[in-house]
Amino acid sequence: VPWHLLGLDWIMPPPRGVVVSRVFSYSSSHLRVSSHRRFENDPSGSGSSMQGSLRRRKHVSLRFVRLKCASSSSSSSSTTSSPSKPAWAGAEDVLSQFVNALIASPLYTPMKFMARRTLINTAEKNGVNWTAKSQALLENANVKACYDDINNPNVESMYPDYYLMPFHAYDEGNLNWLAAAEAESATYAMALRVWPNEDITWQTAQGRLRDAYCDAVKQHRAKQGSSDPARILDMGCSVGISTRALAGAFDTAKEVVGLDLSAYMLAVAELRERSEGEAWTPQGLEGERRISYVHGLAESTGMPDASFDVVSLAFVLHECPTAATRDIVREAVRLLRPGGTLVMCDNDPKSEVIQKLPPVIFTLMKSTEPHSDEYYVLDMMSTFEEMGLTGVETVAMDPRHRAVLGTKQ
């Protein structure tokens with residue numbers, strides 16, 4: 001990584017516990033190894049040996065270092081001492097601090113581009129026509145009409161600060177047409193990355209992911225003695241992929257409501273429902289559409305108490321700071337009927353795959369997820385229990401993801 005772009009230029013050494021394993025020098029004509037010597041952060045913190053070695057090379061215009069977390073017992077954290085989360089997440093871990101410093105530097109722009117390119121490449125190599133699909137949506141006049149129908153102007157004044165931050169490689173987060181147009185393809189690519197060594201289609205990967213989620217809900221409700229759900233709320237539904245999956249898995253539910261804070265995302269969801277609704281799920285018992293979408297805030301929905309049998313949070317909470325997560329869970333519990341189920345699914349902090357992600361991947365991932373540190377250190381089961389849920393359990397959905405479920409008495 002080009003350390004000088006952090007504005008430090010070896011005036012200060014790397015964070016304690018970080019080892020510089022190789023130093024490269026770059027001149028205008030070539031990139032070559034200038035030293036194979038191993039430098040370790042000295043106890044005094046001066047880093048003088050590194051500074052001297054680099055400053056003597058007057059022709060150097062860029063300085064690159066390859067870094068790894070020190071394996072000595074003096075390191076502040078590792079997956080062995082902190083198995084409940086990855087070493088690259090959390091405010092206290094040296095590796096996490098270093099990655100966060102990179103993200104806060106001018107490197108953020110190329111990181112954002114690389115993260116986006118990684119997803120696009122995964123999608124298009126596996127039959128997802130990312131570019132063509134997003135372009136078609138951007139040019140579709142009907143999706144703009146759906147936006148006008150579903151957008152609630154009163155919600156715009158309620159956007160919390162965390163939602164206005166850049167994330168998912170978009171400067172405006174979810175509040176723009178490009179993010180909405182690309183959300184389906186990005187979701188398909190995400191599922192494909194769960195099983196990188198299997199020769200499967202994106203449809204198979206997506207089906208596995210959603211089936212595991214819905215099956216976890218069914219099994220939890222069976223253990224708790226809950227009856228078939230009649231009303232389901234999908235909080236943070238995005239473009240409605242999770243909403244339609246829930247409607248298909250629980251075909252006895254009369255109503256499935258998707259709630260999201262982005263009217264752009266909801267417009268895409270609504271367009272799909274208007275054009276493909278009958279292909280996804282049967283009509284309601286009264287002949288009305290079973291799936292509907294609401295533009296609203298998950299922390300304060302304004303919906304009646306005890307009005308849903310299942311409240312779902314699918315791949316939502318890693319995008320939220322801790323305070324918002326707690327508010328959302330509290331609101332979800334309020335909306336549940338007795339015997340109702342709250343379920344969230346997301347990355348599993350204890351997953352071996354997540355904990356051992358390659359440095360390039362976890363750095364790119366963190367660069368597009370500003371609240372990931374808070375997500376990975378939050379005890380989700382305890383949070384559910386604090387909000388009054390019982391029978392709380394965690395279920396492994398696949399090598400990367402977990403579902404956390406609880407029941408309202």
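In the predicted model, alanine 169 is buried, its relative accessible area of 13% falling under the 20% limit for that class. This alanine belongs to the loop that links helix H6 (153-156) with helix H7 (177-192), and its backbone carries a positive phi of about 70 degrees although the residue is not a glycine.

A positive phi outside glycine is also found at serine 238, where the angle is near 55 degrees. Serine 238 is likewise a loop residue, placed between strand E5 (231-235) and helix H9 (241-249). With a relative accessible area of 24%, serine 238 is partly exposed, since this class covers values between the buried limit of 20% and the exposed limit of 50%.

Strand E5, which precedes the loop of serine 238, is also one of the seven strands of an open sheet, whose order is E7-E6-E5-E8-E9-E11-E10 and whose pairing is mixed. The edges of this sheet are formed by strand E7 (291-295) and strand E10 (390-396), and because each of these has a single partner strand, one side of each is left without a neighbour in the sheet. Averaged over the sheet, neighbouring strands are turned by 15 degrees against each other when direction is ignored.

At the edge formed by E10, the partner is strand E11 (residues 401-407), to which E10 is joined by five bridges, the two strands running antiparallel. Within this pairing, alanine 396 has arginine 402 of E11 as its bridge partner.

Note on methods: Residues are numbered from 1 along each chain as its sequence is written. This is a predicted model: local features need pLDDT of at least 70, side-chain atom pairs count only at pLDDT 80 or more; totals for chains, interfaces and linings use all residues. Side-chain values use heavy atoms; hydrogens and water are left out. Two strands pair if DSSP finds at least two bridges between them. Helices (H or I, at least four residues) and strands (E, at least two) are DSSP runs, numbered from the N terminus. Axes are lines fitted to C-alpha atoms, for helices over the stretch in contact, and angles run from 0 to 180 degrees between N-to-C directions. Buried means under 20% relative accessible area, exposed over 50%, partly exposed in between (1.4 Å probe, protein chains only).
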